[in-house]
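Please take a moment with the predicted model shown below. The paragraphs that follow start from a single residue and widen to the elements around it.

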Amino acid sequence: NEIALRAEALLQALGQYAGGCEIVQGRSMIGGGSLPEESLPTALLALPPGDATALAARLREGEPPVVARIQEERVVLDLRTVLPREEPALAARLRDALA
């Protein structure tokens, strides 16, 4: 699907910093109001295992800030929440944070 292809392209854009990263299956929460638990299947870019809290903080505190979630003790990114035009800036921020 499109999200999985975009996640794979982002993984490739990480170049030498892609070690330990992988595409994993997940869920995007889309619900609100009367359906707060509604979700869609998605592909997530999981960043390398390690101190997920510290990595998430580095991402939030940089410019532009990147808000990710922690799932199973790893920082994960759902490209369903990222506009395609934002992907080059996201790749640059990820390379900085993983360096």
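Arg74 has its place in strand β4, which covers residues 74–78. Is the residue buried or exposed? Because its relative accessibility is 13%, and buried means under 20%, Arg74 counts as buried. A polar atom of the Arg74 side chain lies 2.9 Å from the backbone oxygen of Leu47, and Leu47 also appears among the residues that Arg74 contacts beyond its neighbours within four places in sequence. Those contacts further include Gly20, Cys21 and Glu22, as well as Ala46, Pro48, Pro49, Ala52 and Arg69.

The strand that holds Arg74 belongs to an open sheet of 4 strands, arranged in the order β1-β2-β4-β3 with antiparallel pairing. Strands β1 (22–29) and β3 (69–71) stand at the edges, and each has a single partner strand, so one side of each is left without a neighbour in the sheet. From one strand to the next, the twist averages 50°.

Between β3 and β4 the pairing is antiparallel and runs over 3 bridges; Arg69, one of the residues in contact with Arg74, has Val76 in β4 as its bridge partner. Helix α2, made up of residues 52–61, packs on the sheet, where it touches β3 and β4, and its direction makes about 40° with that of β4. Helix α1, residues 2–13, lies across β1, β2 (39–46) and β4, and runs at about 10° to β2.

How values were computed
Residues numbered from 1 in each chain as written. Predicted model: local features only at pLDDT ≥ 70, side-chain atom pairs only at ≥ 80, totals over all residues. Heavy atoms only, no water. Helix = DSSP H or I, 4+ residues; strand = E, 2+ residues; numbered from the N terminus. Buried < 20%, exposed > 50% of the residue type's maximum accessible area, 1.4 Å probe, protein only. Polar contact = N/O pair within 3.5 Å; in protein donor to acceptor, adjacent residues only side chain to side chain. Contact = heavy atoms within 4.5 Å. Pairing = 2+ DSSP bridges. Axes fitted to C-alpha atoms, helices over the stretch in contact; angles between N-to-C directions.
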